[in-house]
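The following exercises are to be worked with the sequence and the three-dimensional structure in view. Each task is followed by a solution in steps.

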Amino acid sequence: MKRIENYSDYREFLRDVYHDRKKRLPIFSYRYFCIKAVIKSPTLFKEIVDGSRNLTSRTIPAFIKGLGLNTTDAQYFVALVHFNQSKSFEEKNQYLQQ
């Protein structure tokens, strides 16, 4: 799997994480991830990946925990989420700089 720094879309990163972990650990599922991340909704991961929901300031830390990201990767993930979900060019540029 590619390093997180090689992604410009956090949903693509999450999709690749899912497929990579499913390949290495057959028991891995969307529900398994949500339990590990202490997320009550067993479908949230899939909804995020599919684009029907966005990550929020409340769910980002849970995803970081569930993904097991180190500090540097976690900072990149947060910036990537904000970059992808920004509405204005100025906001996107700010997160792109990060």
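**Exercise 1. Describe how helix α4 packs against helix α5.**

Solution.
Step 1. Begin with the handedness: in this predicted model, α4 passes α5 in a right-handed crossing.

Step 2. Two packed helices are described by the angle between their axes and the distance between the axes. The axes of α4 and α5 cross at roughly 135 degrees and come within 11 Å.

Step 3. Classify the angle. Angles over 145 degrees count as roughly antiparallel and 65 to 115 as roughly perpendicular, with oblique for what fits no named range. α4 and α5 are therefore oblique to each other.

Step 4. Identify the residues. From α4, I60, F63, I64 and L67 take part, and they meet A74, F77, V78, V81 and H82 of α5. By class, the residues of this contact between α4 and α5 comprise eight nonpolar, one polar and no charged.

**Exercise 2. Determine how far helix α4 is covered, and by which elements.**

Solution.
Step 1. Helix α4 spans residues 59-67, and seven of its nine residues are buried.

Step 2. The buried residues of α4 are T59, I60, A62, F63, I64, G66 and L67.

Step 3. These buried residues of α4 pack against α1, α2 (30-36), α3 (44-50) and α5.

Step 4. Inspect the end of the helix: α4 is followed by G68, which has a positive phi near 70 degrees.

**Exercise 3. Analyse the packing of helix α1 against helix α5.**

Solution.
Step 1. Helix α1 covers residues 10-24 and helix α5 residues 71-85; their axes come within 9 Å and cross at roughly 130 degrees.

Step 2. That angle makes α1 oblique to α5.

Step 3. On the α1 side, Y10, R11, F13 and L14 make the contact, and on the α5 side F77, L80, V81, N84 and Q85.

Step 4. Sorted by class, the residues joining α1 and α5 are six nonpolar, two polar and one charged.

**Exercise 4. Decide whether L44 and D73 are buried or exposed, and list what each touches.**

Solution.
Step 1. Locate the residues: L44 lies in helix α3, and D73 is found in helix α5.

Step 2. Apply the cut-off, under which a residue is buried if its relative accessible area is under 20%. L44 has a relative accessible area of 3% and is buried. D73 has a relative accessibility of 7% and also counts as buried.

Step 3. List the contacts, not counting residues up to four places away in sequence. L44 touches C34, I39, R53, T59 and F63 on that basis. D73, counted likewise, touches R3, I4 and E5.

Step 4. Add a distance along the chain: L44 and N54 are ten residues apart, and their C-alpha atoms are separated by 9.3 Å.

**Exercise 5. Summarise the chain as a whole.**

Solution.
Step 1. Count the elements: the chain has six helices and zero strands, in the order α-α-α-α-α-α from the N terminus.

Step 2. State the burial: 37% of the 98 residues of the chain count as buried.

Step 3. State the surface: the accessible surface of the chain is about 6300 Å², and carbon and sulfur atoms account for 52% of that surface.

Step 4. State the range of contacts: among those between residues at least 6 apart in sequence, 49% join residues at least 24 apart.

Key: Residues are numbered from 1 along each chain as its sequence is written. This is a predicted model: local features need pLDDT of at least 70, side-chain atom pairs count only at pLDDT 80 or more; totals for chains, interfaces and linings use all residues. Side-chain values use heavy atoms; hydrogens and water are left out. Axes are lines fitted to C-alpha atoms, for helices over the stretch in contact, and angles run from 0 to 180 degrees between N-to-C directions. Helices (H or I, at least four residues) and strands (E, at least two) are DSSP runs, numbered from the N terminus. Angles under 35 degrees count as roughly parallel, over 145 as roughly antiparallel, 65 to 115 as roughly perpendicular and the rest as oblique. Contact means heavy atoms within 4.5 Å. Ala, Val, Leu, Ile, Met, Phe, Trp, Tyr, Cys and Pro count as nonpolar, Asp, Glu, Lys and Arg as charged, and the others, Gly among them, as polar. Buried means under 20% relative accessible area, exposed over 50%, partly exposed in between (1.4 Å probe, protein chains only). Accessible areas come from the Shrake-Rupley method with a 1.4 Å probe; for residues, only the protein chains shown count as cover. A crossing is left-handed if the near helix is turned anticlockwise from the far one by less than a right angle, and right-handed if clockwise.
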